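Let's take a walk through this one together, starting at a single residue and working outwards. Have the coordinates open as you read.

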Amino acid sequence: MTSLEAAVEFATNPEPRCACVLVLDTSASMGGAPITALNDGVRAFAADVAHDQLARQRVEVCVVTFGGTVDVTQDFVTAGAFEPSTLQAGGGTPMGGAIDRALDLVAERKATYRANGIAYYRPWVLLITDGAPTDEWQPAAERVHRAEADNELAFFAVGTEGADLDTLGRIATRTPLRLKGLSFVELFVWLSQSQRRVSASRPGDQTALPPVDGWAVV
Amino acid sequence: MTATATSTTCVAQVEVAATRWSVLGASVAGAGHLAAGLPGQDAHAWAMSDDGRLVLAVADGAGSAPCSERGAAAAVLAAVGAPDDPVGAARAAVMAAAAASGTPPSHLASTLLVCVVGGDEIVGWAVGDGAVILEGRAGMVALLPPEHGEYRNETVFITSDGWESSVRRVASAVDEVAGVAVMSDGLELLALDVGTGTPHAPFFAPLLRFARGAGRGAEDELASFLSSERVAARTDDDCSLLLAVRAA
């Protein structure tokens, strides 16, 4: 270490945060192989993002499930400390309620960042479903449209084989993608790679996302 | 127009209104850029104007804009030749470079920080993030703190629509100023209290002290510092630091 390296002291600043909300369908139809693959995927996400020195400190994960009820199974936690719990399947598909909850969580998190002088990136919300909503979803869809138009967040929707992509297309402004089989692990590694890029991104980055063809039907 | 000093020379010494100043600077590519096979997209330059003012400039090319390193280079070279309107000159140069190569201006997008040290006044100009820090009697002060949008990875570029209303210009009396540091935003988390935009004195003081005592190879040492593991652990962005210190 040169004498200059030894002499210069760095400021301590909180790391800028990259909020990532996973909105996951845990309805009855996800039972069996799908929920197992989904759990594997979430674990793969946690493992991958933890490898990135910046991302593990900057990415914050929140998990909202919808299977019968809407539950926040993981409140915001830094990615390096994220220990996914095993999700169980059961119940109907209150997707509208889950989206509402997710948008509320994003808004609250931003308010917390601002109150604490913490810089942040544009939050992501990733919705994964294998079916169609069994609750009222139109108001939530309008909220998503407004939020995207106001650049408040980036909302992505992914449907498995049996999912109603038409309805998803009315909720998300970005074209929903169909998952290839049960390639949740590939999807979640893609998510981690994307979040790693976002958390290191610089002004002017369009944050080119990695290709989706590993997990999406294109 | 003087080019930046090379590493084989002694630190550049200039005279502004009979006061001697030393100038040294370095721009290094961030680890993130190197990993992605991208060049560094920061640039810096300085020059003496015809009327004896010292003009310092740092530009930070937009992240994934394909040739923003060309935009940053064009911006600083034009800025140091136009002490009274460095931002206008930089923008014109970048737009001209874009037109000449048939490239969309957004591909050459960059921020710009300029500091003009004159006999009476020190003037700072900024479009976008990064900062201009002064060392004065009261300690370290931000002449121009960084400006970000709502999101950490957003800022304004000299090629942006509405750039003109984003130009910040601040002047200060020069006789109180002992040192100047112009830095790109790669160093923000290390050098500033980000919440308030105030400079972290234990970051700048040793650097300005180093500049005062700097001899041959000082710019190499500065570049090594910016490329060091200590810095890379906190930022993988390009980093630029341009220092000017009044001789004791």
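B:V58 counts as buried because its relative accessibility is just 1%, and the cut-off for buried is under 20%. You'll find B:V58 in strand β4 of chain B, which covers residues 54-60. Leaving aside residues up to four places away in sequence, B:V58 touches B:A43, B:H44, B:V76, B:T111, B:L112, B:L113, B:V182, B:M183, B:S184, B:S240 and B:L242. B:A26 sits 32 residues from B:V58 in sequence, with 9.9 Å between the two C-alpha atoms.

How far should you trust all this? This is a predicted model, and its scores are ipTM 0.90 and pTM 0.83. Chain B has a mean pLDDT of 91, with 95% of its residues at 70 or more. One stretch to treat with care is residues 1-7 of chain B, where pLDDT stays under 50. The model still gives that stretch 17 contacts beyond four places in sequence. Where pLDDT is low, the predicted coordinates shouldn't be read in detail.

While you're in chain B, have a look at B:R152 and B:D185. They form a salt bridge, with the closest N and O atoms 4.0 Å apart. B:R152 comes from the loop between β8 (139-144) and β9 (168-173), and B:D185 from the loop between β10 (179-183) and α4, so this pair ties together parts of chain B that lie 33 residues apart in sequence. Both B:R152 and B:D185 are buried.

Now move to where the chains meet. Chain B puts 43 residues into the contact and chain A puts in 37. Together they bury about 3100 Å², 54% of it on carbon and sulfur atoms. On the chain B side, B:Y151, B:N153 and B:R230 lose the most area to chain A, together making up 24% of what that side buries.

How many salt bridges run between chain B and chain A? The count is two. B:E150 forms a salt bridge with A:R114, and here the closest N and O atoms are 3.7 Å apart. There are also 17 residue pairs in polar contact between the two chains, counting pairs with both residues at pLDDT 80 or more. As for which elements of chain B are involved, α4 (188-191), β11 (192-193), α5 (201-212), α6 (218-226) and α7 (229-232) each supply at least two residues to the side touching chain A. The largest share, five residues, comes from α5(B). By type, the residues on that side divide into 17 nonpolar, eleven polar and 15 charged.

Over all chains, the structure holds 18 salt bridges, so it's worth following a couple into chain A, given that side chains of opposite charge can pair when their charged atoms come close. A:R196 forms a salt bridge with A:D48, at 3.1 Å between the closest N and O atoms. A:R196 lies in helix α7 (residues 184-199) and A:D48 in helix α2 (residues 33-50), so the pair ties together parts of chain A that are 148 residues apart in sequence. A:D48 is buried, at 15% relative accessible area.

A:R143 and A:D100 also meet in a salt bridge, 2.8 Å from N to O. This pair links helix α5 (residues 138-149), which holds A:R143, to helix α4 (residues 95-115), which holds A:D100, and the two residues are 43 apart in chain A. Are these two residues buried, exposed or partly exposed? A:R143 is partly exposed at 24%, and A:D100 is partly exposed at 27%.

Note on methods: Residues are numbered from 1 along each chain as its sequence is written. Chains are lettered from A and ligands numbered from 1 in the order in which they are written. Side-chain values use heavy atoms; hydrogens and water are left out. Contact means heavy atoms within 4.5 Å. Buried area is the accessible area (1.4 Å probe) that two parts lose on being put together, summed over both. A salt bridge is a side-chain nitrogen of Lys or Arg within 4 Å of a carboxyl oxygen of Asp or Glu. A polar contact is a pair of N or O atoms within 3.5 Å; within protein, one must be able to donate a hydrogen and the other to accept it, and residues adjacent in sequence count only if both atoms are side-chain atoms. Helices (H or I, at least four residues) and strands (E, at least two) are DSSP runs, numbered from the N terminus. Ala, Val, Leu, Ile, Met, Phe, Trp, Tyr, Cys and Pro count as nonpolar, Asp, Glu, Lys and Arg as charged, and the others, Gly among them, as polar. pLDDT is the predictor's confidence in each residue, from 0 to 100. Buried means under 20% relative accessible area, exposed over 50%, partly exposed in between (1.4 Å probe, protein chains only).
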